[in-house]
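Good morning, colleagues. Please look at the model on the screen while I describe how its two chains meet.

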Protein chains: 2
Amino acid sequence: MTIKYPNGQGHYNKQQLQKKKLTKGPAIYANRGMSMEEHISHSNETYRQHNIAIIYKKPTPIQVVKVDYPHRAAAKITEAYYRRASTTDYNGVYKGFYIDFEVKETQNKTSFPLNNFHEHQIEHLVACEKQGGISFVIVSFNSLNRIFVLHIDSLLPWWKGCFKDGRKSIPLSAFEKDAIEINLGVSPRVPYLNAVDQWIKEKI
Amino acid sequence: MTIKYPNGQGHYNKQQLQKKKLTKGPAIYANRGMSMEEHISHSNETYRQHNIAIIYKKPTPIQVVKVDYPHRAAAKITEAYYRRASTTDYNGVYKGFYIDFEVKETQNKTSFPLNNFHEHQIEHLVACEKQGGISFVIVSFNSLNRIFVLHIDSLLPWWKGCFKDGRKSIPLSAFEKDAIEINLGVSPRVPYLNAVDQWIKEKI
């Protein structure tokens, strides 16, 4: 199983995770028992299987302190701690382009709170874009059943607090205006590369 | 500290790691107390600091089973296991190209044993190259103090056993002929992107 690990804010063990899913799981995915992260992982698998793109989620960084060796083949880690990631969660290659992104969810209905991001994530996305990659965020408004793909260039003015309400949140209207909305599909479930296709068209 | 994690074959705790370094560390790095992995990580840091490339080593994948919560801010993992990585260790973006590679060391003086690779690593490198990325391996012959960067296209015939001695190893002479040799520098310590530059020239 994969531990859900939202923004380094909290960590859950298996029991807690199951409880969380039952009691607090986003309405949109409740029926399927799938988090946004699982949707994206499934989509990436579909993309890989069809030789469309090679994109993976990076493992959660963990600092290992103690390891036991009950059997040589099965080293058991007995003390370790979560570390904050240096980068975003997802990267890979699509049509010759380097792709880098972060996936976020909110229960809010009118805006996306910017404290969902860490400074180093935004810096990493900007740095990748400068090197010729394509950087973006996938934001799911779970209560609204709507998913948007927002390019780093559109996110950055909000992050920098260039608009009148400072850098607290991005209103839904900004997503409707500047992001690309993605409808859930069967396979891939979240066809977010459709958004990337539009940006690639502008590049070439 | 970073746990050394060679090819999923063995795992070391801190004490073992230090002992290993003292007793079995490759002659070439002994004086500096640096493994090849540390050299590459340092090089990547240099490349990032100078806005030359954004390349990171992926975290080691670890399956977490039990987590304790002595304090909310410091979740302690008390049972976890190493998992085999699905991909290679390193990827990123350089001059608009997706870069993907694996780093290997050998004490051999005449050839590089192919059992240093896993099938899934080679498959991943091939898949990335097909998507327009640049895939390669960095191989250090520690006893010879020589480092080579070998493109996946040059590695593949050896992996497939196309040559007369099957798929056991790649002779040093093949590296001298088909790979690009990298001299150690000060900063970056292993300027492996010099090799990538040559392949980019051929692409554009």
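Chain A and chain B each bring 45 residues to their contact, where contact means heavy atoms within 4.5 Å. This is a predicted model, in which local features need pLDDT of at least 70 and side-chain atom pairs count only at pLDDT 80 or more, while totals for chains, interfaces and linings use all residues. Residues are numbered from 1 along each chain as its sequence is written, chains are lettered from A and ligands numbered from 1 in the order in which they are written, and side-chain values use heavy atoms, with hydrogens and water left out.

The two chains bury about 3800 Å² between them, and carbon and sulfur atoms give 60% of that area; buried area is the accessible area (1.4 Å probe) that two parts lose on being put together, summed over both. Of the area that chain A buries against chain B, 17% is supplied by Pro59(A), Ile77(A) and Gln131(A), more than by any other three residues.

Which element of chain A gives the largest share of the side that touches chain B? Strand 3 of chain A does, with seven residues; strands (E, at least two residues) are DSSP runs, numbered from the N terminus. Strand 3 of chain A also pairs with strand 3 (residues 76-82) of chain B, in the antiparallel sense and over four bridges, where pairing requires that DSSP find at least two bridges. Within this arrangement, Lys76(A) stands opposite Tyr81(B).

Finally, the rule finds zero salt bridges across the interface of chain A and chain B, a salt bridge being a side-chain nitrogen of Lys or Arg within 4 Å of a carboxyl oxygen of Asp or Glu.
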